[in-house]
Amino acid sequence: MVIAVVALLAVPAAAGAQPTAEEATDPFRDGIEVLGQREVAKKVLKDNLRELMAPIPLFDVIPKFFQPLCLQVVGMAPDASAIVSDRINRTALDVGLDPAKPNCRANALVVVVDDPRALFEKMLTRRRGIVGIAEMRDVQTRQLRDELRARKPAVAWNLSNLANSNGATQDGEGFVIATSISASRLTSNFYRPKSLSVVLFDSTRIKDVTLDQLADYAALHLLGSPRRQIDFDSVAVPSLLSLFAQGPEAAPSELTQFDRAYLKGLYTLEAGALRSRVPGAVLAGFAQQCEDQQDSCRMQLKK
């Protein structure tokens, strides 16, 4: 699959008492005390997750990697590619993923090209597996084409599948091949492993972006599920997701306190954990982050 991308680039162009309804829908009811700032952190995290995380049903599961991140960076000079790869891989290890084995099959692609729109169309006709079918992709083809036509500096998509203890529940064409019916209030019987995550950068629009910014921005999209359209005026915490909205000089220079807590929290959740549990997990990730860094644990806000 990765060789195919290189070739395309060469072409020109629970038991016990039952919770009340209110408790069951409050992801922070078991929140972690963070040096007396629990209520502040809780509100900030809840409000900003709503703005920054892709909207999916409250009781659906979050797509993420359960296997090691096997990353390939394409379209950059070897030294730059090595820097970006190393930084993304360190982030993947930091959130808890195992290191990839040598000669693994790529499940994460970062592609830098001067005509991403033309490359995408070639993918659709020649390497459809990189784009995937609509049933397994988190964004429709029409929207990807619109974003590419608008010359967005970066366009991302993810392929994922529903799975349970018996393995995948759908085949490559979206047909159901296995089902399971047991579940709980907090955990689904299904989980949604990512099979491929792609970030496609327009090299003509990222000239002022540092390699650290590019790598960390890609990591947020590869490992997480950011919202595609974000109103950053409504976001109180700094996030590297604002890289192209604010511009490289005004945006954070790396993953922020919030970004790291989001990714760490997401990857502490077990398979099948519902979206409703993400805020509590992110708050826990924030608390752990503060403990590891031995800092004041004050929630960073935009200036």
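I note first the convention I rely on for helix pairs: a crossing is left-handed if the near helix is turned anticlockwise from the far one by less than a right angle, and right-handed if clockwise. By that convention, I read the crossing of H5 and H7 as left-handed. I keep in mind throughout that this is a predicted model.

**Entry 1: the pair H5 and H7**

I looked up the geometry of helix H5 (residues 116-126) against helix H7 (residues 141-149), and found their axes 9 Å apart with a packing angle of about 155°. Angles over 145 degrees count as roughly antiparallel, and H5 and H7 are therefore roughly antiparallel to each other. For the contact itself I listed Pro-116, Arg-117, Phe-120, Glu-121 and Leu-124 on the H5 side, and Thr-141, Leu-144, Arg-145, Leu-148 and Arg-149 on the H7 side.

**Entry 2: the pair H10 and H11**

I then turned to helix H10 (residues 257-268) and helix H11 (residues 278-293), whose axes are 7 Å apart and which pack at an angle of about 120°. That angle makes H10 oblique to H11. The crossing of H10 past H11 is right-handed. From H10 I noted several residues that meet H11, among them Arg-260, Tyr-262, Lys-264 and Leu-266, and on the H11 side the residues met include Val-278, Val-282, Phe-286 and Gln-289.

**Entry 3: Val-278 and Thr-256**

I stayed with Val-278, which lies in helix H11. Its relative accessibility is 0%, so I enter Val-278 as buried. Leaving aside neighbours within four places in sequence, I find Val-278 in contact with Met-53, Ile-62, Leu-266 and Leu-269. I also checked Val-278 against Leu-49, and the two are 229 residues apart in sequence but 8.8 Å apart in space, taken from C-alpha to C-alpha.

Thr-256 has its place in the loop between helix H9 (243-246) and H10. With 8% relative accessibility, Thr-256 also counts as buried. When I set aside its neighbours within four places in sequence, the contacts of Thr-256 are Pro-238, Ser-239 and Leu-240.

**Entry 4: the sheet**

I traced an open sheet of four strands in the order S1-S2-S6-S3, and its pairing is mixed. S1 and strand S3 (154-160) stand at the edges with a single partner strand each, so one side of each is left without a neighbour in the sheet. Ignoring direction, neighbouring strands of this sheet are turned by 10° against each other on average.

**Entry 5: strand S2 and its partners**

I asked myself how many residues of strand S2 (residues 108-113) are buried. I count six of the six as buried, so S2 is largely enclosed by the rest of the structure. As general background, side chains in a regular strand alternate between the two faces of the sheet. In S2 I see Ala-108, Val-110 and Val-112 pointing one way and Leu-109, Val-111 and Val-113 the other way, all of them buried.

With strand S1 (residues 71-74), S2 pairs in the parallel sense over four bridges. The chain passes from S1 through helix H4 (residues 78-94) to S2, and I record this β-α-β crossover as left-handed. H4 lies across S1 and S2, and runs at about 150° to S1. Within the pairing of S1 with S2, Gln-72 stands opposite Leu-109, and Val-74 has Val-111 as its bridge partner.

With strand S6 (residues 194-202), S2 runs parallel and is joined by six bridges. Here I found Val-111 opposite Leu-200, and Val-113 opposite Asp-202.

**Entry 6: two loop residues with positive phi**

I looked next at Asn-103, which is not a glycine and yet has a positive phi of about 60°. Asn-103 is found in the loop between H4 and S2, and its relative accessibility of 81% makes it count as exposed.

Arg-151 likewise has a positive phi of about 60° although it is not a glycine. I place Arg-151 in the loop between H7 and S3, where its relative accessible area is 40% and it is partly exposed.

Terms used
Residues numbered from 1 in each chain as written. Predicted model: local features only at pLDDT ≥ 70, side-chain atom pairs only at ≥ 80, totals over all residues. Heavy atoms only, no water. Buried < 20%, exposed > 50% of the residue type's maximum accessible area, 1.4 Å probe, protein only. Pairing = 2+ DSSP bridges. Right-handed = clockwise from strand over helix to strand, strands pointing away. Axes fitted to C-alpha atoms, helices over the stretch in contact; angles between N-to-C directions. Parallel < 35°, antiparallel > 145°, perpendicular 65-115°, else oblique. Contact = heavy atoms within 4.5 Å.
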